[in-house]
Amino acid sequence: MIFTILTLFPAIFESPLNESLIKKARDKGLLEFNIVNIRDFTTDIHHTADDAPFGGGAGMVMKVEPVHYAMEQVRKEHAQPHFVLLTPHGRRFDQHVAARLSHMPHLALLCGRYEGVDERIHSLVDDEVSIGDYVLAGGETAALVVVDAVSRLVPGVLGNEASPVDESFCDGLLEYPQYTRPREFMDMQVPDALLSGNHEEIRKWRRKESLKRTILRRPDLMERFQPTREDEIMIRQVVGEME
Ligand code: 6GU
C-alpha cells in the first residue's frame, strides 16, 4: 500500500515512520511512503503557503493553489490516490473507517495547518477525517494516527495474521485483560482461569471480562453490540455482580 502525506512540516514524519512495525513493513515492501512538502509547490518568491482570511479576523488560512499543485504532482506520479483531508470538521475516524481505508491501494493524507484551510480545498479531496473532539495545531499528528491504525490492517504487516480480529472494537467490545509472567507480583495474582490450561474455561473468562470492561468503561459501545445467547447470560451475571 502506498501512503502519500502532503504537509508543510515533512520533518515531523521522519522518526515515526522509521520505527517498529512500520519500519519492518517498509523493509518488506508492504508499505511505501511518499512525503510531499506543500511549500515546494508555492509559486511566489516568499514561498507563501498561508494568508490572512478574507473578511478579516485572527489567524491564517492555508492557501488553495499550493495544495492543488501538490495534488496534481501526486496524481502524475502514482495511480488512483484517495485524498483524505485531516481536519477537525471531518468525519470521525474509527476502526470501521480504518478498515475501509486499508483497502485503498494509495492513500494520500493532506494535513491541514494553521487556523484552517481555504474552503475550496474541501472540494478537491475525496474524504475528510477528524480523529476526535479536540483541537490539534495541525493534521500531522492525526495523519500519523491514521497511518498507524490503517497500516496494521494491511495483510502481512502484523507478523501474526490472527491478531487484528481478536482485539478491541472488531466485535464492538473492549479487549479482555492480559497477563504474562510472573504469576504473582506485589500480592497481585494472575486469575486462576488463565492458569487452568482449560481452553473453554479461558475463552469464557475472557468473554465475560470483555463484556464487564465494556459495560463499565464504554457503555456507549453496548448500544450497538449484538449479544449471543451466551453473551446475554454473561451480561446478566456481570450486572448482578455489580449490584
Ligand atoms: Cl484531523 N486536525 C486538527 N487540526 N485537529 C483535530 C483533528 C484533525 N482531529 C481532531 N482534532
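Modeller: A polar contact is a pair of N or O atoms within 3.5 Å; within protein, one atom must be able to donate a hydrogen and the other to accept it, and residues adjacent in sequence count only if both atoms are side-chain atoms. The model is predicted, so local features need pLDDT of at least 70 and side-chain atom pairs pLDDT 80 or more, while totals for chains, interfaces and linings use all residues. Residues are numbered from 1 along each chain as its sequence is written, and side-chain values use heavy atoms, without hydrogens and water.

Colleague: Which residue has a backbone N or O atom 3.0 Å from a nitrogen atom of the ligand?

Modeller: Ser 130 offers a side-chain N or O atom at 3.3 Å from a ligand nitrogen, and Tyr 134 brings a polar backbone atom to 2.5 Å from a ligand nitrogen. The backbone atom at 3.0 Å from a ligand nitrogen belongs to Leu 136.

Colleague: How much of the ligand's 290 Å² does the protein bury?

Modeller: The area is accessible area by the Shrake-Rupley method with a 1.4 Å probe. Residues around the ligand (a heavy atom within 4 Å of it) include Leu 86, Thr 87, Pro 88, Gly 132 and Ala 142. Of the 290 Å² that the ligand exposes when taken alone, the protein buries 96%.

Colleague: Which element gives the largest share of the shell around the ligand?

Modeller: Strands here are DSSP runs of E with at least two residues, and helices are runs of H or I with at least four, numbered from the N terminus. Two or more shell residues come from each of β5 (82–92) and β7 (127–130). The largest share, 3 residues, is that of β5.

Colleague: Is His 82 buried or exposed?

Modeller: His 82 belongs to strand β5. Contact means heavy atoms within 4.5 Å, and beyond four places in sequence His 82 is in contact with residues including Leu 101, Met 104, His 106 and Asp 127. Because buried means under 20% relative accessible area, exposed over 50% and partly exposed in between (1.4 Å probe, protein chains only), His 82 at 14% is buried.

Colleague: Where does Pro 81 lie, and what is its relative accessible area?

Modeller: Pro 81 lies in the loop between α2 (64–77) and β5. Among the residues that Pro 81 touches, leaving out those up to four places away in sequence, are Val 74, Arg 75 and Asp 126. Pro 81 counts as buried because its relative accessible area is 15%.

Colleague: With which side chain does the side chain of Arg 113 make a polar contact?

Modeller: Arg 113 is placed in the loop between β6 (106–111) and α4 (119–122), and its relative accessibility of 19% is why Arg 113 counts as buried. Not counting residues up to four places away in sequence, Arg 113 touches Leu 8, Phe 9, Ile 12, Met 62, Ala 137, Gly 138 and Glu 140. The polar contact, at 2.8 Å, is with the side chain of Glu 140.

Colleague: What polar contact distance joins the side chains of Lys 208 and Glu 241?

Modeller: Lys 208 is part of helix α7 (residues 199–217) and is buried because its relative accessibility is 19%. Beyond four places in sequence, Lys 208 touches Met 234, Gln 237, Val 238 and Glu 241. The side chains of Lys 208 and Glu 241 are joined at 2.7 Å.

Colleague: Is Ile 233 buried, partly exposed or exposed?

Modeller: Ile 233 sits in helix α9 (residues 229–242). Because its relative accessible area is 46%, Ile 233 is partly exposed.
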